[in-house]
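Trainee: I would like to go through this model step by step, from the whole down to single residues. Please show it first.

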Protein chains: 2
Amino acid sequence: MNKLDKDTKILIVGLGLIGGSYAKGFRAAGIGRLSAIDSDEKTVRTAIETGLVEHASTKVEKETVASADLVVFALYPEVFVDWIRNYGSYLSPGTVLTDVTGVKTCIVYKIQEMLPPGVEFIAAHPMAGREVYGLENSDETIFRGANYIVVPTEKNSKEAIDICTSIGRILGFARISQLSPEEHDEMVGFLSQLTHCIAVSLMTCKDNTHLVDYTGDSFRDLTRIARINDAMWSELFLLNRDELLQQMDLFIHEFSDLRYMLARKDREGLREKMRLSTQRRAYFNKPQQEG
Amino acid sequence: MNKLDKDTKILIVGLGLIGGSYAKGFRAAGIGRLSAIDSDEKTVRTAIETGLVEHASTKVEKETVASADLVVFALYPEVFVDWIRNYGSYLSPGTVLTDVTGVKTCIVYKIQEMLPPGVEFIAAHPMAGREVYGLENSDETIFRGANYIVVPTEKNSKEAIDICTSIGRILGFARISQLSPEEHDEMVGFLSQLTHCIAVSLMTCKDNTHLVDYTGDSFRDLTRIARINDAMWSELFLLNRDELLQQMDLFIHEFSDLRYMLARKDREGLREKMRLSTQRRAYFNKPQQEG
């Protein structure tokens, strides 16, 4: 396969929020003949009845897998690895695989090792999501304005990287870039996983529900992501454990520094930290959304 | 003075973002004959030229202070205490004072001690703000949807508490409540100051500017308040130091617990924390703004 067009046979494994949004995005763009595999019967029925895909099944049918040009895995990381272990032999030479997984180092090399000859896995991370789940909440517009990261290794061909990149374009991501698995996991450990750890800790450090009537935007903003899918995020944390521990340690060290400044009444030290944070935060403004 | 009406002589000391917004709010409601004191000449000129107040000065004129029925202090806390020390004797019996200060225990009792007989200080905290400053950014609509806390002590009369409460109503706050100075400072230490410490530490714990292109909403939400007025916030932190240190310790302890669970691969422990945070966060949804 060299490019995606209306005849490309695309198989989506896992029709949840992200897999469903991929299917809707491909459909809206008129790309691909879509089929899907999902463990939930109702999801499979809905996908067929609404015409989202041409074919769907709760079973992993050998002929569906073997005939796919492109397979998109939208599964939890450990389920993804198990799937390849169990059904990887069904894949035909020339098939390109990609994924949507939020951690990379721990799965990308492993999967690439496990594949039959001629089957190529090129990892990707669509950095979009919502606090709700399932096909019924899927929506191709969640990708607009979001980041799409292609995560190649040395084993990947230019052709597969190009196909993976074109998926990001077809789905309408605002920015498409490339990172190595290690760079990706450092980035995600800091920007996403560390922030979720902080939000969770803020909610669990004391019974704060008596303060709900006084809550302003600051606290609401910092804890929005404390509403969290515990099965998925505990898995993501554990799979990126070493990196996340490092990021947590960096944060604890800095936060303790600030605490120490306060304890010893070091006003100038506190002000210096605040000036640095103000200056750095300016880089992170979205030009069109913040002043 | 028993109630606020169009003839009440209201003096606003400090015409910054909040003082200016109070003036605009009173004006919009047709309440009070307004005068103002501000150390900045341009601010004083603007306030007069735009007709925001009838009288304004950079100097503390004895007759202006003595003739006021209500004085609103919109100053940094330490400047507020100094002001009362220097000019408190100008105040006439029957005058009610209020403020907008973000910390209470350390200033309320001190100010109440310092006042001449017959002058009453009733503290208040309008929990509204923006990341910009000055009269030019003031806007009475910032109070809509926000919380207004009246913070009485045993020394306060019912009449003064009623007047202070009516200010919250006139300015259009969504919710008006009462807390003791100690309850107020615990609430603010947790909901506001701790969250600012976290946001600052996230921005300063490492040079993260190379990650700007990958930043999603989580990180942006958690660091919005890292853009911070270092002079004001360092003062607020130091004035609420004991309480804030306690809140920081609570958070560090909890965050370290989470880190330890991750380090020892305690998936069930992590999931339990996440389920608790998800459950608690549900209390903090704004019914009309979040799903």
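The questions below go from the two chains to the domains, sheets and single residues.

Mentor: This is a predicted model, in which local features need pLDDT of at least 70, side-chain atom pairs count only at pLDDT 80 or more, and totals for chains, interfaces and linings use all residues. Residues are numbered from 1 along each chain as its sequence is written, while chains are lettered from A and ligands numbered from 1 in the order in which they are written.

Trainee: What rotation superposes chain A on chain B?

Mentor: Copies are superposed by least squares on the C-alpha atoms of residues with pLDDT of at least 70 in both. The fit has an RMSD of 0.0 Å and a shift of 0.0 Å along the axis, with a rotation of 180 degrees. The two copies are therefore related as by a two-fold rotation axis. The rotation asked for is 180 degrees.

Trainee: Which element of chain A gives the largest share of the side that touches chain B?

Mentor: Two residues are in contact if their C-beta atoms, placed from the backbone, lie within 7 Å; by that rule 73 residues of chain A are in contact with 73 residues of chain B. Elements giving two or more residues to this side of chain A include β8, β9, α7 (181-204) and α11 (267-281). Helices (H or I, at least four residues) and strands (E, at least two) are DSSP runs, numbered from the N terminus. The largest share, 14 residues, comes from α10(A).

Trainee: How many residues on the side of chain A that touches chain B are nonpolar?

Mentor: Ala, Val, Leu, Ile, Met, Phe, Trp, Tyr, Cys and Pro count as nonpolar, Asp, Glu, Lys and Arg as charged, and the others, Gly among them, as polar. On this side of chain A, 16 residues are polar and 18 are charged. The nonpolar residues number 39.

Trainee: What distance separates the centres of the two domains of chain A?

Mentor: The domain bounds come from an automatic or database domain assignment, which gives domain 1 (9-179) and domain 2 (184-284) in chain A. Of these, 14 residues of domain 1 are in contact with 11 residues of domain 2. On the domain 1 side, α4 (77-87), α5 (105-114) and β8 of chain A each give two or more residues. Taken over C-alpha atoms, the centres are separated by 31 Å.

Trainee: Which residue of β5(A) stands opposite F73(A)?

Mentor: Two strands pair if DSSP finds at least two bridges between them. Strand β4 (residues 70-73) of chain A is joined by four bridges to β5 (residues 96-99) of chain A, and the two run parallel. Strand β1 (residues 9-13) of chain A also runs parallel to β4(A), again with four bridges. Opposite F73(A) in β5(A) is D99(A).

Trainee: Which residue points the same way as L70(A) from β4(A)?

Mentor: In a regular strand the side chains alternate between the two faces of the sheet. In β4(A), V71(A) and F73(A) point the other way from L70(A). The residue on the side of L70(A) is V72(A).

Trainee: Which are the edge strands of the open sheet with the order β7-β8-β9 (chain A)?

Mentor: This open sheet has three strands with mixed pairing. An edge strand here pairs on one side only. The edge strands are β7 (123-127) and β9 (175-178) of chain A.

Trainee: Is V150(A) buried or exposed?

Mentor: V150(A) is in strand β8 of chain A and stands opposite Q178(A) in β9(A). Its contacts beyond four places in sequence include A124(A), I161(A) and C164(A). A residue is buried if 20 or more other C-beta atoms lie within 10 Å of its own, exposed if 12 or fewer, and partly exposed in between, with C-beta atoms placed from the backbone. Because V150(A) has 23 other C-beta atoms within 10 Å, V150(A) is buried.

Trainee: At what C-alpha distance does E159(B) lie from M1(B)?

Mentor: E159(B) is found in helix α6 (residues 158-170) of chain B. With 14 other C-beta atoms within 10 Å, E159(B) is partly exposed. E159(B) and M1(B) are 158 residues apart along the chain, and their C-alpha atoms are separated by 8.6 Å.
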